[in-house]
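Notebook open, coffee ready. I want to look up how the strands are arranged and what sits around the ligand.

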Amino acid sequence: MQFIDLPAQQKQIRDKIDARIKAVLDHGKYIMGPEVKELEANLAEFCGAKHVITCSNGTDALLLPLMAKNIGAGDAVFVPSFTFVATAEVVSMLGATPVFVDVLEDTFNIDPESLKNAISFAKEQGLSPKAIIPVDLFGQAADYDALQEIAENNDLWILSDSAQGFGSVYKGQKSGNLGLATSTSFFPAKPLGCYGDGGAVFTDNDELADIIRSLRVHGKGSDKYDNVRIGMNARLDTMQAAILLEKLAIFADEIESRNRIAAKYNEELKDIFEVPYVMENTTSVWAQYTLKVSAEKRADIMASLKESGVPSVVYYPTPLHQQTAYKDYPIMPQGLPVSEKLSKQVFSLPMHPYMVQEDQDKVINALLKHKTSVAA
Ligand SMILES: *Cc1c(COP(=O)(O)O)cnc(C)c1O
């Protein structure tokens, strides 16, 4: 059994992907070819964002809007501690300070109350609060209504890290339309992934979109050899765009399948485990299906799953504020107790749109063996 079965997906669309790759080989426009434009148009149609700027990966998709807004030394950018490292890394790369915020126990997403404390703390540290990067962790949107209110009251802007959440819906709004800009990743294992590295930035803001398009190609002005700002090489390959076009075409159906599989896990496991909580009027894309158990029991349960041939993974074993590279950033006096606790409790189960009933039953049965130990 695979944790995420990409070959099963490929089997469904292999002929179409082969034809797309052949078309690129035939026209030979490997950089910014027609498939890049076509993909950007299709992504815009899918999520409703006005501008879609594809790019090299999900990390650069976070970096580009921060660069466009001139984030730098002395600025504070608020990030959850319980996330993948890229969320904070981009802030550090620009010389700004990532200020770590705790997360909510139920959704695993950034905690608005902790955010308020972090903003006060950043000011006390002499930093200028500039932006919030909420993460749509495991496929569910953060609580953008609460965050937007805090952003408005503190003159901050929101960059949504939707590397795991593209395709999700928050109170009628699709990922790509929440915050000033949204970033996603097309890393192969993400809900919408390519066969290499890729990413995209979404925004409705014309000026921001123009600057990001310029930054993507060495800070170009009227052409590539007119350089009006310090930029990067952050383009998406034509080949990856070609592959993504076929994956995007089946993405809506896949989201339905992911939700069907998550619903079955919930139904079968809810009596003995704390199953994932999804906010009202919100649809997750289930980048991960994540359970919580006491820290003492997690290793045992994961070992016994492994014995039954069921892979499981811990996302994330160490909160960012405790990572070697980040542990010297100042931490607010309230600390980050939930992030620290969750990193010892969580584990994720196999989850992908092509999971067959037999495999899912095997996962469920392997977990139900722990009925007495978990309840104890
Ligand atoms: C995967 C991921 C990223 C980075 O995406 P890459 O394409 O690997 O650079 C950023 N943030 C989160 C939350 C992620 O899960």
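In which sense do strand 4 and strand 5 pair, and over how many bridges? I looked at residues 128-132 (strand 4) and residues 157-161 (strand 5): they pair in the parallel sense, over two bridges. Note to self: this is a predicted model. I also found that isoleucine 132 stands opposite isoleucine 158 in strand 5.

Next I checked what packs there. Helix 6 (residues 144-154) packs on the sheet and touches strand 4 and strand 5. I got an angle of about 150 degrees between the direction of helix 6 and that of strand 5.

Then I zoomed out to the whole sheet. Seven strands make up an open sheet, and I wrote down the order as 1-9-8-5-4-2-3, with mixed pairing. Why is one side of strand 1 and of strand 3 left without a neighbour in the sheet? Strand 1 (51-55) and strand 3 (97-101) stand at the edges and each has a single partner strand, so one side of each stays free of a neighbour in the sheet. From one strand to the next, the twist averages 30 degrees.

Helix 5 (residues 112-124) packs on the sheet as well, touching strand 2 (75-80), strand 3 and strand 4.

Last entry: the ligand. I counted 14 residues around it, and the closest are Gly58, Thr59, Asp161, Ser185 and Lys190. A polar side-chain atom of threonine 59 lies 2.5 Å from a ligand oxygen atom, and a polar backbone atom of glycine 58 is 2.7 Å from an oxygen atom of the ligand. Aspartate 161 has a polar side-chain atom 2.8 Å from a nitrogen atom of the ligand. Taken alone, the ligand exposes 380 Å², and the protein buries 93% of that.

Definitions and conventions
Residues are numbered from 1 along each chain as its sequence is written. This is a predicted model: local features need pLDDT of at least 70, side-chain atom pairs count only at pLDDT 80 or more; totals for chains, interfaces and linings use all residues. Side-chain values use heavy atoms; hydrogens and water are left out. Two strands pair if DSSP finds at least two bridges between them. Helices (H or I, at least four residues) and strands (E, at least two) are DSSP runs, numbered from the N terminus. Axes are lines fitted to C-alpha atoms, for helices over the stretch in contact, and angles run from 0 to 180 degrees between N-to-C directions. Contact means heavy atoms within 4.5 Å. A residue is near a molecule or strand if one of its heavy atoms lies within 4 Å of it. A polar contact is a pair of N or O atoms within 3.5 Å; within protein, one must be able to donate a hydrogen and the other to accept it, and residues adjacent in sequence count only if both atoms are side-chain atoms. Accessible areas come from the Shrake-Rupley method with a 1.4 Å probe; for residues, only the protein chains shown count as cover.
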